[in-house]
Amino acid sequence: PPMVPPAAPPFDELIQQSQWNLQQQEQHLHTLRQDQVTAAVALAMEQQIQKLLVDTQLDITEFDSLLQPIIDTCTKDAISAGKNWMFNNAKTAQCELMTSHLRNRITADTAHFELRLHLIYLTNDVLHHCQRKQQKDLLAAIQKVVPIYCTSFLAVEEEKQQKITRLLQLWEKNSYFDEETIQQLQNPALGLGQYQASLITEYAAVVQPIQAAFQQQIQALKTQHQEFVSSLKQSQSAAGAQLAPAAEPEKPPADGGASRTGDMKPPMAGPPPGDFDGGLPRPQDPSNPSGPSDIPPGKPAWFDHQQGAAGPQPQQPPLRSPGDDVTAETAEDRGRAHTHTHSLRRNGNFHHPRAGNP
């Protein structure tokens, strides 16, 4: 037997599948966009640091050489050496460069927990001495601790988070930060999100072209989906019109339609009764008007008697339509009726006088 092709999926199922594909593609594009935005912002920040290096002529490698003992041992002497170097170079542009370098070291993806925690200890010591010595430029720069604290907190389990939380309690007690910053540190996920949003605003020049390109791709996908759905609906409408059942013809009634006068064809024109070549109808017994007769109840028009036919036939009663009053007949009426139906018998056959002899 021939192979039966698989049935096409229903229209609703095709639309749902297209919608699901659109959502998956949008999600994928959003992920790619976020990755590209993050990379673009990081590149812009790195370029900014390189510009500060050129402008300030600060030896950042010397700073790294002081940071490494803090990362490895985190002794008081190592932290003090690092703090003193920062204060000695605490000019406005240099402060921005030093704190930005610390932020990049702590938030790097490859940074481990000890590196982050020990450099946050250095930050805490710098905050304390900035407040005590009224070093406003360095204090303003080092107060941008939201990314370093929140990133370190969210990257570790609860036991290690407690070590970072102790520092936050100390900062709140000493009022190192304003209320807004404290709220961000108390809710690290929210604080980190707000910080990242601020970066998008700060580096809008590199972010907006990326967002516009991805938005154009997403809009193109939505347009394709809408066109596909519209095409499906048009196909569904066309298929429905083709499959619509034709009007069922009327079936004739069981009696052949004789009882429906509206379906009856008009009577055929025929010769008058005298011209019909054949046996005469059986006369109806005048004494029994309801007796049998050869005249059908629904007689056609050519059963009506014609005027002007000659010749009496006393044996034949007058022809009349059903419902005529039999009792009203007179001898004269019967004579006129016989004249209309008069026939001659010749050689055993009936012939009308007008028919002509052979």
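**Figure 1. Lys160 and its salt bridge with Glu157.** Lys160 has a relative accessibility of 27% and counts as partly exposed, where buried means under 20% relative accessible area, exposed over 50%, and partly exposed in between (1.4 Å probe, protein chains only). Its partner Glu157 is also partly exposed, at 44%. The closest N and O atoms of the two side chains are 3.7 Å apart, a salt bridge being a side-chain nitrogen of Lys or Arg within 4 Å of a carboxyl oxygen of Asp or Glu. By this rule there are 4 salt bridges. The model is predicted: local features need pLDDT of at least 70 and side-chain atom pairs count only at pLDDT 80 or more, while totals for chains, interfaces and linings use all residues. Residues are numbered from 1 along each chain as its sequence is written, and side-chain values use heavy atoms, with hydrogens and water left out.

**Figure 2. A salt bridge within helix H1, between Asp55 and Lys51.** Helices (H or I, at least four residues) and strands (E, at least two) are DSSP runs, numbered from the N terminus. Helix H1 covers residues 11–56 and holds both Asp55 and Lys51. The two residues are 4 apart in sequence, about one turn of the helix. The N to O distance between their side chains is 3.0 Å. Lys51 is exposed, with a relative accessible area of 52%, and Asp55 is partly exposed at 49%.

**Figure 3. The salt bridge of Lys144 and Glu96.** Side chains of opposite charge can pair when their charged atoms come close. Here the N to O distance is 3.7 Å. Lys144 lies in the loop between helix H6 (136–142) and H7, and Glu96 in helix H4, so the pair ties together parts that are 48 residues apart in sequence. The lysine end, Lys144, is exposed at 53%; Glu96 is partly exposed, with a relative accessibility of 27%.

**Figure 4. Surroundings of Ile106 in helix H4.** Helix H4 spans residues 92–107. Ile106 is buried, its relative accessible area being 0%. With neighbours within four places in sequence set aside, Ile106 is in contact (heavy atoms within 4.5 Å) with Ala111, Leu115, Arg116, Leu119, Ile120, Ile148 and Ser152. One of these residues, Leu119, is 13 residues from Ile106 in sequence, and their C-alpha atoms are 7.2 Å apart.

**Figure 5. Thr151 and its contacts.** Thr151 belongs to helix H7, residues 146–154. Its relative accessible area is 18%, and Thr151 therefore counts as buried. Residues up to four places away in sequence are not counted; beyond them, Thr151 touches Thr107, Arg116 and Leu192. Arg116 is also among the contacts of Ile106.

**Figure 6. Two loop residues with positive phi, Gln57 and Cys74.** Gln57 has phi near 60 degrees, a positive value in a residue other than glycine. It sits in the loop between H1 and helix H2 (60–72). Gln57 is exposed, with a relative accessible area of 64%. For Cys74, phi is near 55 degrees, again positive in a residue other than glycine. Cys74 is placed in the loop between H2 and helix H3 (76–88). Cys74 is buried, with a relative accessible area of 18%.

**Figure 7. A negative surface patch of Glu172, Asp178, Glu179 and Glu180.** In such a patch, residues with over 30% relative accessible area and no salt bridge are taken, and like charges are joined within 9 Å. Asp and Glu count as negative, with the place of the charge taken as CG of Asp or CD of Glu. Within the patch, Glu180 lies in helix H9, residues 179–186. Glu180 is exposed, at 54% relative accessible area.

**Figure 8. The whole chain, for orientation.** The protein chain has 12 helices and 2 strands. From the N terminus, the elements run α-α-α-α-α-α-α-α-α-α-α-α-β-β. Of its 358 residues, 31% count as buried. Contacts between residues at least 6 apart in sequence join residues at least 24 apart in 69% of cases. The chain exposes about 23300 Å², of which carbon and sulfur atoms supply 54%; accessible areas come from the Shrake-Rupley method with a 1.4 Å probe.

Technical notes. Patches are made of residues with over 30% relative accessible area and no salt bridge: like charges are joined within 9 Å, nonpolar side chains (Val, Leu, Ile, Met, Phe, Trp, Tyr) within 5 Å.
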